[in-house]
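Biologist: I should like to go through this structure with you, one question at a time. Please explain each term when it is needed.

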Amino acid sequence: MRPILDPSTGESPAAFAEATPTEVEAALRAARRSYDEGEWRRMPGELRAQLLDAVAAEIRAEARRLATLEALDTGKAVSGALTYDVYEAANAFSYAAAVARTMHGDVRRSSFPPDLLPGGGPDVLTMRMREPAGVVVELLPWNGPLMTGSQRIAMALAAGCSIVAKPPEEAVISLVELGRILTRAGLPAGVLNIVLGAGETVGERLVTDPRVDLVSLTGGVETGRRVAELASRNVTPVHLELGGKSPVIVFADADLEQAVGWAMMAAFVNMGEVCVAGSRLLVEESVYDEVVQGVAAAAAGLPIGDALNPDTFIGPLITQAHAERVRGFVSRAVDAGDATVVGSPSVPDGSPATFVPPTVLSRVRPGCEVEQVEIFGPVLAAMPFATEEEAITLANGTGYGLNGTVFTRDLERAFRVGDALDCGEVNVNCHFAPDMNGGRGEPRRSSGYSRTGVDAYTRLKAVNIQTRP
């Protein structure tokens, strides 16, 4: 048995057993059988939608319990888990229900080259229809297991897929609870199968199995490389969302009060353990000190404490090992002269080593480690720029390409800079996008290559019908 640790206290409220090879085989066999027999994928969209709506309703009814479990398992502040993660989890199933009701393909007329056949040949009607991707292996992250798990699983179910899902060993509770909710709602046996264990054992057995039609991973770059390598043995398609080092660009003409508030939230919500965190703050030189000091002051006032305290904003990081990793980035940057700490409040006395305060690093040297590498913790790297061109160069100067943010009152500049940013999503005068289910773009470079929404779990089949000989 592996203990489940509460990052706020170090105590173990529960434990779980890693799936055996026999249990992994049973999960894969059940998913393959359920898909091939077709009870779920052939079910009318309206009936699938009714089940997904029922799941959304139960998540809302169980909101406080689910938020508490998420806080115990991950260290996520319970107030944030309640108002954001649980809300988005329920919304994902409501959105997926609407997709199941309305999913469609397209129809167009097509023709042969006019000189190929006498009279131009027959008239042909081409129908492109969406069908499920098949059996999906879903590998989920520890930073938002309920929200991300719901978004991925809800869309895969709306598409008609069967799923084998593996949560990270650091955070298993939410996905197990989600499985129970789906079972109570009446999901046919074998459509969703949850296996627990390490990526090096359970995960690799799933990714390399030839019965799998699609592998979907939300995780880190190194894990993404490994998954892509393993899946390539069977030429299994992969969808990878691998994080970011997202820039928040503030021009001097922006509403600076709004920019400071958003920049603080972008960097420190969920302790910076967010793939779309705005972990780089790029500020025009003339307002640089004002903005950076404003963000540092705002961060210094954030309540730090036990994740189950409803007043907490900054809770613990997921594990002590991860907290040590985050602290290492800061100490190396300061020791090397790559940055100066301008804001880093103290954590409460007696706090476990999992706690890291929200830290603002100023005048970060371009190209150094803290500017280039995803830290995945409450550390913000701030840098000045002199011109729009320099801002774009700095923003595009990492290996990531998930998202970026621009603060300016100049609409033409907003479009111009947004067009120049090499990322899948651009925010203007805000950071977090309100549509988490269908409105996100496709990431670039080390952030992965993944489609969004139901598109990620469907494939197109073209049917060509001769309508006039």
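Biologist: Is Arg-445 buried, partly exposed or exposed?

Modeller: This is a predicted model, in which local features need pLDDT of at least 70 and side-chain atom pairs count only at pLDDT 80 or more, while totals for chains, interfaces and linings use all residues. Residues are numbered from 1 along each chain as its sequence is written, and side-chain values use heavy atoms, with hydrogens and water left out. Buried means under 20% relative accessible area, exposed means over 50%, and partly exposed lies in between (1.4 Å probe, protein chains only). Arg-445 has a relative accessible area of 25%, so the class is partly exposed.

Biologist: Which strand holds Arg-445?

Modeller: Helices (H or I, at least four residues) and strands (E, at least two) are DSSP runs, numbered from the N terminus. Arg-445 has a positive phi of about 50 degrees although it is not a glycine. The strand in which Arg-445 lies covers residues 444-445 and is β18.

Biologist: Why does Asn-270 count as buried?

Modeller: Asn-270 is found in the loop between α9 (256-268) and β11 (280-284). Asn-270 also has a positive phi, of about 55 degrees, without being a glycine. Most residues other than glycine have a negative phi. Asn-270 counts as buried because its relative accessibility is 13%.

Biologist: Which strands are the edge strands of the sheet β3-β4-β19?

Modeller: Two strands pair if DSSP finds at least two bridges between them. Three strands form this open sheet, in the order β3-β4-β19, with antiparallel pairing. Pairing on one side only marks the edge strands, which are β3 (106-110) and β19 (458-468).

Biologist: Which residue of β4 stands opposite Ser-110?

Modeller: Strand β4 (residues 123-132) runs antiparallel to β3, and five bridges join the two. Opposite Ser-110 in β4 stands Val-124.

Biologist: Which residue of β14 stands opposite Val-360?

Modeller: In strand β13 (residues 359-362), Thr-359 and Leu-361 point one way, Val-360 and Ser-362 point the other way, and all are buried. Strand β12 (residues 340-343) joins β13 through three bridges in the antiparallel sense, and Val-341 stands opposite Leu-361 there. Strand β14 (residues 379-385) pairs with β13 in the parallel sense, also over three bridges. In β14, the residue opposite Val-360 is Leu-380.

Biologist: Which element gives the largest share of the largest nonpolar core?

Modeller: A nonpolar core is a set of buried Ala, Val, Leu, Ile, Met, Phe, Trp, Tyr and Cys residues joined through side-chain atoms within 4.5 Å. The largest one has 57 residues, of which Ile-249, Val-250, Phe-268, Leu-281, Val-291 and Val-295 touch the most other members. Its largest share, eight residues, comes from α9.

Biologist: How are α2 and α5 directed relative to each other, roughly parallel or roughly antiparallel?

Modeller: Axes are lines fitted to C-alpha atoms, for helices over the stretch in contact (heavy atoms within 4.5 Å), and angles run from 0 to 180 degrees between N-to-C directions. Angles under 35 degrees count as roughly parallel, over 145 as roughly antiparallel, 65 to 115 as roughly perpendicular and the rest as oblique. The axes of α2 (residues 45-61) and α5 (residues 145-159) come within 10 Å and cross at roughly 160 degrees. The two helices, α2 and α5, are therefore roughly antiparallel.
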